[in-house]
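Trainee: Got a minute to go through a model with me?
Mentor: Sure, put it up.
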Amino acid sequence: MLNYRGRSAAALAAMVTAASVGLAVPGQAQPSDGVIGLAQRVAILTGPDSINSTDIRHQVKATDLGIMWFDEKGRTLTAFGDTFGKGWVGPGAGSGDPVRLDWRSNTLARSSDQNPFDGISYDDFADDRPGHAKELLPSMKKDHVEISTIPTGGVNVHGRNYLAYMSVRNFGEPGHWTTNYSGLAYSDDGGQNWVDIPSARRQNTPNYDDPFQMTSFTKQGDYVYAFSTPNGRFGSARVARVQQDHVLDLGAYEYWTGKSWSKGSPSIAAPVVSAPVGEISVLYNDKLNAWMMMYLDEVQHAIVLRLAPSPTGPWSIEIPVATASQYPYLYGGFLYPGSDGTDVFFTMTQYDKYNVSLMRLGLPPGVLPSLAQIPQLPTPVR
């Protein structure tokens, strides 16, 4: 991270602390024991205790992530990671026979519900038979070969849905895993069927440190922005951009080098937020005229939010929005695309329960003035 700890960052920290007594000092590496985040649970979205009864209606008894974007019809599409049916008993993700567990590496829900204040009700899932959510992209389900293909981001451009995913080779210690490559697929039928594009894969390096292995998309202006990290939750975040009609063309991407947008190898991309950054989610907030970035900070054991005046930064210090002391085994932090102004919604997973909740964050008064004080980087060179 380019760690901006100047006067404006201190002002933002003070405002957030005043709004929520007991917050950890933002930006400091410390556990979240006793720390109270700003967000509250709105509803459980998946599983037996959910408002959607996904275990009965779609054979989704347990799942995680919940990466959201709007399609051209205004529906919310939500991509989930490893998903399990009747054979799942928990806690955590299932392990064992894929057939017994009804293990699908990824699933997708669709919703026309535009009122997140009482949760998000799903119309349906992409299915392979009535009442059974399908696996969108297959995986080998073989450890140290390809154990899963897990979504990392989604976006709709001119009626076509794009899904970024990672081919996971192996899961190691908590927060650590290795990937074979990051991939891209598209759907022209509302997410029902997906076409994987081998030419759009970013192969990992022999040292498993390629910086664009876990990619999240967001649209703004003429561009789709791709925010990404290496595999696992302990790398830095970088950003690339591409003209909206060229999402599948890796040669068309420009990388922020710290000084300008330039085409070339992903290795030229400079960190915009330094480690540790977990799975990332970014949106532009029209009412605040600010960019929002959310992810899990494994060191703080908290889902955190940062704000910035541009996609390249400078990004504010971390604001803890949900912590492990409140929600044990939490991860995620995927922004709802309709979040605007000071009402910010996001999905959160708790690993022991292995299901997804919708959370609501009310940004404290004063965030916008303090954001305006963050020094601007030079205008990007095109």
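Mentor: We'll take two threonines and one sheet.
Mentor: This is a predicted model: local features need pLDDT of at least 70, side-chain atom pairs count only at pLDDT 80 or more, and totals for chains, interfaces and linings use all residues. Residues are numbered from 1 along each chain as its sequence is written, and side-chain values use heavy atoms, leaving out hydrogens and water.
Trainee: Where is T152?
Mentor: In strand β8, residues 148–157. Strands are DSSP E runs of at least two residues, numbered from the N terminus.
Trainee: Is T152 buried or exposed?
Mentor: Buried, at 7% relative accessible area. Buried means under 20%, exposed over 50%, partly exposed in between, with a 1.4 Å probe and protein chains only.
Trainee: Which backbone oxygen lies 2.7 Å from a polar atom of the T152 side chain?
Mentor: That of T215.
Trainee: And T218, which strand is that in?
Mentor: β13, residues 214–220. T218 is buried too, at 6% relative accessibility. Its side chain reaches the backbone oxygen of V282 at 3.5 Å.
Trainee: New topic. What is the strand order in the open sheet of four?
Mentor: β2-β3-β4-β5, paired antiparallel. Pairing takes at least two DSSP bridges between two strands.
Trainee: Why do β2 and β5 each have one side without a neighbour in the sheet?
Mentor: They stand at the edges, so each has a single partner strand.
Trainee: How many bridges join β3 and β4?
Mentor: Five, between residues 76–80 and 107–111. In one of them, A79 partners L108 of β4.

Conventions. A polar contact is a pair of N or O atoms within 3.5 Å; within protein, one must be able to donate a hydrogen and the other to accept it, and residues adjacent in sequence count only if both atoms are side-chain atoms.
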